[in-house]
Amino acid sequence: MGKKKSGCEKDKHRKKRRRPDHERELTRAYFLDGETGPWAMKLAAKESLARLGADSVDVLEAGAEGVRTGTGTEAVAAGPETVATSTGAGDRQHRGPDYSQPSSIDPLTDPVLHALATRRSISKVGPETPSDADLRELIRVVSSVADHKALRPWRFLIIRGDDRLRLGAALDEAAGETRRPGEVNTKPLRAELLLALVASPTPHPKVPDWEQHATAAGAGHLLELALWQAGWGVMWRTGTLTNAPAVRRLHGLDDTELLMGWLYIGSVPERYRSRLATGTRPLPNPDQFLDTL
Ligand SMILES: Cc1cc2nc3c(=O)[nH]c(=O)nc-3n(C[C@H](O)[C@H](O)[C@H](O)COP(=O)(O)O)c2cc1C
């Protein structure tokens, strides 16, 4: 049986260096400059240490080189080792954050936490949309979603232009609705771009369908967040007819697949922008979501 760690030992691992105020200010400046959270902290730490003298900077540069060549990763505890810098402030090169130690939890300076805390659905999006190339890039990124056995049990379908009319017609057919000539179901026209999310499970002895549905939903949520972070408005919609035969047929689903709904995507109209800039929706008390066994 493993030896239990004493409280003191645990504290030793938990304790983090408190960043001095000037370093926090630098972090904030980097964030406002468009740097991301962990990167901003590392850049701030590097500049902070650089103030101590040229010798420290040499050590740091040596550490950065160590990471580039795959050695000495552990040697530089201060953290800026993953930032390869050159002399100019404007041409910093990023190699990716250092995840070897936890970073601080600060939704103000960390853009991922900030996006998570501030995301909201935009029910009436504007007409501009991300390009298919943008969508490809974002979908590539969100494929990091937790995925038991990496079965990739989801796919997205792009619905633009007249394809939205076909979706409206399929919804009408499912509802048994007939319209006068020239009239259309306008629901899918609420955005110029819809992305249908399909859960597409693969039979697996260790990964039941419900787990694969959870992964597909996760991909949808991550994509919603990624679009938000990229500046796009999104609202995830479904309906009682989402998996009606006519709607499933239009999306080309096979029997094992499940339509999880549509992300309605577009620009964030000005009226929302000003509201978002001035007001924040209070986040709920986390205690209601947290308990012990
Ligand atoms: C799977 C799923 C289906 C949804 N379907 C609808 C829908 O059909 N109509 C709707 O008004 N909201 C729907 N929502 C909720 C909205 O997307 C949105 O989350 C809600 O309006 C709350 O806004 P918020 O995201 O800013 O908190 C759905 C959400 C999910 C995750």
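A salt bridge is counted where a side-chain nitrogen of Lys or Arg lies within 4 Å of a carboxyl oxygen of Asp or Glu. The model examined here is predicted. By this rule, the count comes to 10 salt bridges. Three of these pairs are described below, followed by the ligand site.

E137 and R140 form one such bridge, with an N to O distance of 2.8 Å. Both residues belong to helix α6, which spans residues 132–142. They sit 3 residues apart, and therefore about one helical turn separates them. The relative accessibility of E137 is 38%, so this residue counts as partly exposed. R140 reaches 57% and is classed as exposed.

R152 pairs with D147 in a further salt bridge. Here the N to O distance is 3.5 Å. The relative accessible area of R152 is 45%, which makes R152 partly exposed. D147 has a relative accessibility of 16%. Buried means under 20%, so D147 counts as buried.

The side chains of R164 and E192 also meet in a salt bridge, at 4.0 Å from N to O. R164 lies in helix α7 (residues 163–175), whereas E192 lies in the loop between α7 and β4 (193–199). The pair therefore ties together parts that are 28 residues apart in sequence. R164 is buried, with a relative accessible area of 10%. E192 is partly exposed, at 36% relative accessibility.

The ligand is surrounded by R119, R120, S121, H221, M235, W236, R237, T238 and R281. By class, this shell holds 4 charged, 3 polar and 2 nonpolar residues. Strand β5 (residues 232–237) supplies the largest share of the shell, with 3 residues.

Polar contacts to oxygen atoms of the ligand come from side chains and from backbone. In the side chain of S121, an N or O atom is 2.5 Å from a ligand oxygen. R119 places a polar side-chain atom 2.8 Å from an oxygen atom of the ligand. W236 contributes through its backbone: one of its backbone N or O atoms lies 2.7 Å from a ligand oxygen. Taken alone, the ligand exposes 610 Å². The protein buries 55% of that area.

Notes. Residues are numbered from 1 along each chain as its sequence is written. This is a predicted model: local features need pLDDT of at least 70, side-chain atom pairs count only at pLDDT 80 or more; totals for chains, interfaces and linings use all residues. Side-chain values use heavy atoms; hydrogens and water are left out. A residue is near a molecule or strand if one of its heavy atoms lies within 4 Å of it. A polar contact is a pair of N or O atoms within 3.5 Å; within protein, one must be able to donate a hydrogen and the other to accept it, and residues adjacent in sequence count only if both atoms are side-chain atoms. Accessible areas come from the Shrake-Rupley method with a 1.4 Å probe; for residues, only the protein chains shown count as cover. Helices (H or I, at least four residues) and strands (E, at least two) are DSSP runs, numbered from the N terminus. Ala, Val, Leu, Ile, Met, Phe, Trp, Tyr, Cys and Pro count as nonpolar, Asp, Glu, Lys and Arg as charged, and the others, Gly among them, as polar. Buried means under 20% relative accessible area, exposed over 50%, partly exposed in between (1.4 Å probe, protein chains only).
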